[in-house]
Amino acid sequence: MRHASIAAAIAAVTLLVAACASSDEAAGWTYAPPPTEVAASGAPSGEPSAVPSGEPSAVPSGEPSAVPSAPASAPASAPASAAPASAPASASAGEKVTVTAQGIQFEQADLTVPAGAPFTLEFVNNDAQVPHDIQIRDQSGAALFTTDTFPGVETRSFDAPALTAGPYQFVCTIHPNMIIDVAAQ
């Protein structure tokens, strides 16, 4: 009788373990990791280390690193293009030029920017809930650089490319009536 009780207990435990293992799958439950916290450096915590495999690491194996990893094929810097600029301006971008949007128009009618040197384009969008961007166009109308589109009220800074001396326009691509005549000098 005692052997029957032990066998029944083992069978019950086996069924319980099997039921637990299959019920998670049947119910569609999955483990959801906790949300990623952003470290003081701006990089998400829990990102893998950027140290190549086989290299010694200052972070013990298995522990997250505050250094974000980047694909090996990522270019060091992207060329200026008509594609949206997603990187905020850095201190090395040179002179700061501020443009303000208010009442679905630019407050500046004309501007002067430095010729031959990149500059920081600070864009102040004071139109609440209204998206704007700035596209830099040359004399032929070709797009040289476009900022991110974002609704106000917000201020963002962008690294604008160096422009050769001459006339340009800053245009909001969403509201083409918003134009600033720009001289690169």
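Trainee: Is Gly 103 buried or exposed?

Mentor: This is a predicted model, in which local features need pLDDT of at least 70, side-chain atom pairs count only at pLDDT 80 or more, and totals for chains, interfaces and linings use all residues. Residues are numbered from 1 along each chain as its sequence is written, and side-chain values use heavy atoms, with hydrogens and water left out. Buried means under 20% relative accessible area, exposed over 50%, and partly exposed in between (1.4 Å probe, protein chains only). Because its relative accessibility is 53%, Gly 103 counts as exposed.

Trainee: Where does Gly 103 lie, and what distance separates its C-alpha atom from that of Asn 125?

Mentor: Helices (H or I, at least four residues) and strands (E, at least two) are DSSP runs, numbered from the N terminus. Gly 103 belongs to the loop between E2 and strand E3 (110-113). Gly 103 and Asn 125 are 22 residues apart along the chain, and their C-alpha atoms are separated by 9.7 Å.

Trainee: How many residues of strand E4 are buried?

Mentor: Strand E4 covers residues 119-125. Phe 119, Leu 121, Phe 123 and Asn 125 point one way from E4, while Thr 120, Glu 122 and Val 124 point the other way, and all are buried. The strand is thus mostly covered, and the number of buried residues is 7 of 7.

Trainee: Which residue of E4 is the bridge partner of Val 99?

Mentor: Two strands pair if DSSP finds at least two bridges between them. Strand E2 (residues 96-101) and E4 run parallel and are joined by 6 bridges. Within E4, the partner of Val 99 is Phe 123.

Trainee: Which residue of E9 stands opposite Thr 120?

Mentor: E4 also pairs with strand E9 (residues 154-160). The sense of this pairing is antiparallel, over 7 bridges. Opposite Thr 120 in E9 stands Asp 159.

Trainee: Which residue meets Lys 96 in a salt bridge?

Mentor: A salt bridge is a side-chain nitrogen of Lys or Arg within 4 Å of a carboxyl oxygen of Asp or Glu; by this rule the count comes to 3. The side chains of Lys 96 and Glu 122 meet at 3.7 Å, N to O. Lys 96 lies in strand E2 and Glu 122 in strand E4, so the pair ties together parts that are 26 residues apart in sequence. Lys 96 is exposed at 52% relative accessibility, whereas its partner, buried at 18%, is Glu 122.

Trainee: Which residues do salt bridges that share partners join into one network?

Mentor: Asp 148, buried at 15% relative accessibility, forms a salt bridge with Arg 156, with the closest N and O atoms 3.9 Å apart. Arg 156 also meets Glu 154 in a salt bridge of 2.8 Å, N to O. Arg 156 is partly exposed at 27%, and Glu 154 is partly exposed at 30%. The network therefore comprises Asp 148, Glu 154 and Arg 156.

Trainee: Which residues is Thr 100 in contact with, leaving aside its neighbours within four places in sequence?

Mentor: Thr 100 is found in strand E2 and counts as buried because its relative accessibility is 9%. Contact means heavy atoms within 4.5 Å. With those neighbours left aside, the contacts of Thr 100 are Gln 105, Phe 106, Glu 107, Gln 108, Val 124 and Asn 126.
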